[in-house]
Each structure stands twice: as C-alpha cells, then as structure tokens.
Amino acid sequence: MHKLQRCHDISDLRTVARRRLPRAIFDFLDGGAEDEVSLQGNRTGFTQYDLIPEVLTDVSDVNMTTTVMGQTMPLPLILAPTGLSRLFHHQGERAVAIAAARAGLTYSLSSGSSVSIEEIGALTEGPKWFQIYVWKDRTVVKEFIARAREANYHALCLTVDVQVYGNRQRDLYNRMTTPIRLSPRLAFDLGSHPRWSFNLITRGQPQLANVKDKMGENSDDLNSQASYINRQFDQSVNWEDAAWIIKEWGGPFAIKGILSPADALRAIDIGASGIIVSNHGGRQLDHAAAPMDVLPTIVDAVQGRADIIVDGGIRRGTDIMKALALGAKACMTGRPYLYGLAAGGEPGVSRAIDIFSSEIKRDMSLLGVRQTADIGPRHLRRKYDIAGYPSNN
C-alpha cells in the first residue's frame, strides 16, 4: 500500500505495473496495433486543446456527478471492458468490480473476462454493464443477454470494431499467446518476475469464464476456449444484427467503436442510447482517427439524442475536462485501472480511481465550474487548425 500511495498519477502506476509484470504480459496490456500510430494519437488528441478557466467563481461545492443512459454516476468515468484481467493480477475482474462498486462507478465486464457474468453480478451491488459481440451462434448471444439480465446488469455495451483481431505486433515479437506457451525467451522473462510466475503456477492460467461450459470435457482448456471465441467472430455482421440485439435486450444500450457521424446516426436510428467514440484503444485498425479528433462532429450530428462517451487515451482529469467541454457525458478508460491492478490488485485499482477523482475535483475547481454540466466549448481553445497552423480562435 505504501508504494501505491507514492503513485501520484496514472503514469506512476504504469511504472510500477511495468516492473511487476513480465515484459510479454505488460506489452499485451500496454501495446497497440502495428506502428501504434492510433495508440499515440489517442493521447495527442487531447494535447491539441488548451483549457480556458473562468476566475472568481464560487467553487466551494464542486459536484462531479453525471448521468449516462439514465444512470447517475459520481464521476464522469466508466471502467471499460478488458479481457482476461487475471493475466495482470490473480484477483482479476473481482478486484476491479469491488473497487468500482466502492467508488460507485460503473464497471463494464468483458465477454472475454476471466471471471463469470454471474460471479461479478453477485459480488457487488455496484452498477455494471456487460460488453457483448454479435457472434455467429445467435443462441449464445441470446444466452449471454439472459445471463446479464438475470445477474442485474444495467446496460449492454456492443463492441463493433473487432471483425478480425488487430495486428498487435508487440505480442508477435514477444511470442505472446493465450494460453501462454513457453519459449526460452518467455521462460527467462517469467523467471525474472517470480511473484507473478508463482501466482500463475499456483492459481493456474486465466480462463475465459463465460464460455467454459461450451467446452465439454475441455472446460478448463484456455486454448479450446480461445479457439471457440475466435470461431464466433462474424465478419458478416451488419446494422440489422445490431438492431436485433438491441431489441433482444430491451434496455439501455451503448455501441462501442463509433468514429463517424454517419455511424453514430445509424446507431441512434436502431435504438442505441449510448455512443462510445472509440478506436479500441489503438489495438485494432492502426491510423484510425483518435476519438478526440472526431468527437466534435459526432456531437454535432447526434444533437443530444444519445449520450456520448469518449474511450481511449484518458490519463488525466484534464483529459476528461476536455472531452466534457466538447459534448461528451463521460469518459471510459481501461489501461489506467489495469496498471493499478497490476501494481497492487484491488487497492491498486482503487488508487487509480482515487487519482482520477482528485484530479477531476481539482481541475473543475481550477476551471471555475461547480458541476460537470457547466463545462462547455467556452472552456477550450484549439491550438492548431486542421492544416497544422496555429488557430486564431
């Protein structure tokens, strides 16, 4: 815990995570697709804006709450779905769910989680979403919907940018696979991190908990589970399929992976109540636009008919200020809480949340606003115009 308290921002948690994880595992968490242009662009998308504070305003009582798809949240922050979290710490999704519930934050559980829908549903009373895909076997999709409903998940989050897996070259160079297969290089890497390796040996490799029951006698075989999921990805999925799953769910529904105004409007037309502007953290199509670069045009197109969430590159409270100023209702983040998880399990996730909370409160005070709804375009100045020259506004 002492080391966690010395982590004063998300980059500090990343540094600790990097020390504690074998390189192949850290790169699996930290890396992006191909040349990682989109991964870097997600960060630089925020740096193109300056903040314009208002002074001599009463900020003695700052209210950080926001409402997304009918759900009031204490912070404009949602914990994104991330698969196989037990790779980074043996507590995995359990630690994330408990820390999120303690803070009152929404946690979106991944279809590829290493802890089941039902266990996370029963673990806490905290608000939860379930992330889902439109798989080839629609009966499995219907089953997932029923399981999420029975376990009292508030909303579904449909990810639409994984027609095929992105080309994540760090994993190729590291020969990183799930399940982990030892090579001489990887064995040396794991041996250099005895605490992580001990937990892997004694607790076993993470399982894809939500599909284990499909494996029959191979229920504990991660390779069989991963192959099953890979076979389920459907490259023929279209808007009609998304409309079908929205109808099947019949409740709050977000579509994650939107980068164009036209797609945002299609999502609204088929009944989506949330638009998650995302390029999958730079892990799918490299050179895909950064969410902050396209956010203004999506906000203009949507005109308040759905709640907009920005996902990707969130590392500071000031990033969240900028996204809200451009019209988002909240931000979604994955790597920061995983850095915390790797750094210290459940307390590490809580530390990541606390860092964001303190930064958001301080930044709102310094910006001169008392509630998140007060943050708007007047608080931003774009540094450069589209051609890369200094902006006049």
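**Exercise 1. How α7 and α12 meet**

Task: Work out in which hand α7 passes α12, and which residues of the two helices meet.

Solution. Start with the handedness: the crossing of α7 past α12 is right-handed. Keep in mind as you go that this is a predicted model.

Next, add the geometry. Helix α7 covers residues 138-150 and helix α12 covers residues 239-249; their axes come within 10 Å and cross at roughly 35 degrees.

Then list the partners. From α7 come R138, V141, K142, I145, A148 and R149, and these meet D241, W244, I245, E248 and W249 of α12.

Finally, sort this contact by class: 6 residues are nonpolar, 5 are charged and none is polar.

**Exercise 2. The two sides of α12**

Task: Find which residues of α12 are buried, and what they pack against.

Solution. Begin with the buried set, which is D241, A242, I245, I246 and W249. These residues span an arc of only 140 degrees around the axis, so they sit on the same side of α12. A general point helps here: an α-helix has 3.6 residues a turn, so residues three or four places apart point the same way.

Now turn the helix around. E240 and K247 are exposed on the other side of α12.

Back on the buried side, the packing partners are β6 (128-132), α7, β7 (155-159) and β8 (253-258).

**Exercise 3. The ends of α12**

Task: Describe what N238 does at the start of α12, and what phi G250 takes just after this helix.

Solution. First place N238: this residue is in the loop between α11 (222-232) and α12. Its relative accessible area is 38%, so N238 counts as partly exposed.

Next, look at its side chain. At the start of α12, a side-chain oxygen of N238 reaches to within 3.0 Å of the backbone nitrogen of E240.

For a longer view, take R370, which is 132 residues from N238 along the chain; the two C-alpha atoms are separated by 42 Å.

Then move to the far end. Just after α12 comes G250, with a positive phi of about 70 degrees.

**Exercise 4. The covered side of α4**

Task: Name the buried residues of helix α4, and say which elements are included in their cover.

Solution. Helix α4 runs over residues 37-47, and its buried residues are S38, L39, G41, N42, G45 and F46. Because their arc around the axis is only 165 degrees, they lie on the same side of α4.

The cover over these residues includes α3 (23-30), β1 (49-51), α8 (169-174), α14 (291-302), α15 (317-325) and α16 (335-367).

One of these elements, α15, deserves a step of its own. This helix is mostly covered, with 8 of its 9 residues buried. They are G317, D319, I320, M321, K322, A323, L324 and A325. After α15 comes G327, whose phi is positive, near 115 degrees.

**Exercise 5. Three buried residues**

Task: For S113, D307 and A95, decide whether each is buried or exposed, and then find the contacts of each.

Solution. The cut-off for buried is under 20% relative accessible area.

Take S113, in the loop between β5 (106-109) and α6 (117-123). Its relative accessibility is 0%, so S113 is buried. Its side chain makes a polar contact of 3.0 Å with the side chain of N210. Apart from neighbours within four places in sequence, S113 is in contact with L84, E93, Q207, L208, A209 and N210.

Go on to D307, which is in strand β10 (residues 307-311). With a relative accessibility of 17%, D307 also falls under the cut-off and so is buried. A polar atom of the D307 side chain lies 2.7 Å from the backbone nitrogen of M69. Not counting residues up to four places away in sequence, D307 touches T67, V68, M69, S273, G274, I275 and K329.

End with A95, in helix α5 (residues 92-103). At 1% relative accessibility, A95 is buried. Leaving aside neighbours within four places in sequence, A95 is in contact with L341, G345 and E346. The C-alpha atom of A95 is separated by 31 Å from that of D61, 34 residues away along the chain.

Technical notes
Residues are numbered from 1 along each chain as its sequence is written. This is a predicted model: local features need pLDDT of at least 70, side-chain atom pairs count only at pLDDT 80 or more; totals for chains, interfaces and linings use all residues. Side-chain values use heavy atoms; hydrogens and water are left out. Helices (H or I, at least four residues) and strands (E, at least two) are DSSP runs, numbered from the N terminus. Buried means under 20% relative accessible area, exposed over 50%, partly exposed in between (1.4 Å probe, protein chains only). A polar contact is a pair of N or O atoms within 3.5 Å; within protein, one must be able to donate a hydrogen and the other to accept it, and residues adjacent in sequence count only if both atoms are side-chain atoms. Contact means heavy atoms within 4.5 Å. Axes are lines fitted to C-alpha atoms, for helices over the stretch in contact, and angles run from 0 to 180 degrees between N-to-C directions. A crossing is left-handed if the near helix is turned anticlockwise from the far one by less than a right angle, and right-handed if clockwise. Ala, Val, Leu, Ile, Met, Phe, Trp, Tyr, Cys and Pro count as nonpolar, Asp, Glu, Lys and Arg as charged, and the others, Gly among them, as polar. The arc is that of the directions from the helix axis to the C-beta atoms.
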